[in-house]
Amino acid sequence: MADVKQKVALSSIAASAGLTAAKAVVGVMSGSLGLLSEAAHSLIDVGATVMTYFAVRTSGKPADAEHHYGHGKVESVTALIETALLFVLAGVVSWEAVKRLMSAQPPEVEATPWAFAVIAVSILVDFLRARALYRTAEKTSSDALAADALHFASDMWSSLTVLVGLLGIALGYAWADSVAAIAVSVVICIAGWRLSRRTIDTLTDTAPAGAADKISAAIARIPGVVGVEGLRVRQVGEVLFVDLVVAVSRTLPLDRVAALKDRIVETVRADSPAAEVTVTTQPRALDDETILERVMVIARNRALAAHHVTVHAIEGRLAVSLDLEVDGTLSLAAAHDIAPLQPVDEPGHDASAKRVAAVRDALTEIATKVDLVGAIHDVRVRAADDGEIVNFHCLVDPALKVAEVHDKVDEVERALRLRFPTIKRAIGHAEPALPSP
């Protein structure tokens, strides 16, 4: 893309130089202020196109340690300089034209065939160059090439004005040349104003018209995006910089969040291939979160791993049970201070008192046969559609390692399930035994 921009800029330099030389020679020979102002306009174009060439070469360089966003704004700075030159030229030409109109003996102007020929060729060249530059500028989002195109377009219209002035001189209206020069100045000022507005918008990071709304609407349609909470857009050369803050469900795992970010970037680049997109996600609690998801979030935020999670709805209340993974070298006392949560909604009801007593007696008997496991208490039995779930607490020496306690409690759980096949799950909670007073 940079090679295309440089080739177009080089061809513009050649065209501007040729037109400047022709207009200057014929302008001096004919004495036409309009033609001389056109020569000066073209001379500025030569300088502008040279600056454009170096600007597009510099802007094509990648980002580096000093220019984190690349070098695209070099083109905008160049375009601003070209705009200033246009206004200076318009002022000089207008001043000279007014002096000639107010002079008692204005310089004699001759409308020669060469003058008409140069202007006609100039109009044709300006038209072709402006069209080529506009096309390339649009494809590459180049401010410098757009400025160059505007120069050639303004040259074309000002050349038409000079042509009208020469026709007026040929018909005997001596003032026509000065009036044509003033008209050229007006055209130059209009071109400069249009260019300066666009350039200043770029340098002040004005968002491209409609870009934010378009991006926001596209992102909001992506599954998994709860909402767009922040969006900043700015154009630097052909690169569109987009900073996005999107809300996502706090229950999404990191790999899905990463995939969602990639999808967002792809969506933006589908419309702007050169876009540089930065996506920040904000976790949000949604109204439709399940109890399981909420508990998993709590565990994840505490860097805990939990499994075998169940949630029972019993007479309007929820009972949550789970297995928590901790470092096996921790003491039971230290592990007991860690509080997790995690669930799956599952309806059920409390078992009868007789059934609870039978399970408690069995657990007490089993515990006497398992080393290191102390008194059994807080036994709960809940009946579900596919079996019973038993929760119990047992006292254990707080100095024991978690790995040892886990093995012993598992042994109690297995023995209980063997004795009562209707029990689908037994969950033992080991508690550090308090020292005797």
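A residue is called buried when its relative accessible area is under 20%, exposed when it is over 50%, and partly exposed in between. That yardstick will come in handy as we walk through this predicted model.

Let's start in helix α11, which covers residues 353-369. Here E365 has a relative accessible area of 37%, so it falls in the partly exposed class. Its partner K369 reaches 59% and is therefore exposed. The two side chains form a salt bridge, with 3.5 Å between N and O. Within the helix, K369 and E365 sit 4 residues apart, which is about one turn. The story does not end with this pair, as R419 joins E365 and K369 in a network of salt bridges.

Now please turn to the strands, where we can look at two more pairs. In the first, R284 and E229 meet through their side chains in a salt bridge with an N to O distance of 2.8 Å. This contact ties together distant parts of the chain: R284 belongs to strand β3 (residues 276-284) and E229 to strand β1 (residues 225-236), with 55 residues separating them. How accessible are R284 and E229? R284 comes out at 31% relative accessibility and so counts as partly exposed, while E229, at 42%, is partly exposed too.

The second pair brings us back to strand β1. R232 makes a salt bridge with D243, and their closest N and O atoms lie 3.8 Å apart. This pair also links distant parts of the chain, with R232 in strand β1 and D243 in strand β2 (residues 239-249), 11 residues apart. R232 has a relative accessible area of 60%, so it is exposed. D243, on the other hand, is partly exposed because its value is 30%.

If you would like to keep a tally, a search of the whole structure gives 6 salt bridges. The ones described above include R284 with E229, R232 with D243 and K369 with E365.

Finally, a word on cysteines. How many disulfides are there? The count is 0, using a cut-off of 2.5 Å between two cysteine sulfur atoms. Two cysteines are worth finding in the structure in front of you. C394 has a relative accessible area of 1%, so it is buried. C189, by contrast, has a relative accessibility of 30% and therefore counts as partly exposed.

How values were computed:
Residues are numbered from 1 along each chain as its sequence is written. This is a predicted model: local features need pLDDT of at least 70, side-chain atom pairs count only at pLDDT 80 or more; totals for chains, interfaces and linings use all residues. Side-chain values use heavy atoms; hydrogens and water are left out. Buried means under 20% relative accessible area, exposed over 50%, partly exposed in between (1.4 Å probe, protein chains only). A salt bridge is a side-chain nitrogen of Lys or Arg within 4 Å of a carboxyl oxygen of Asp or Glu. Helices (H or I, at least four residues) and strands (E, at least two) are DSSP runs, numbered from the N terminus.
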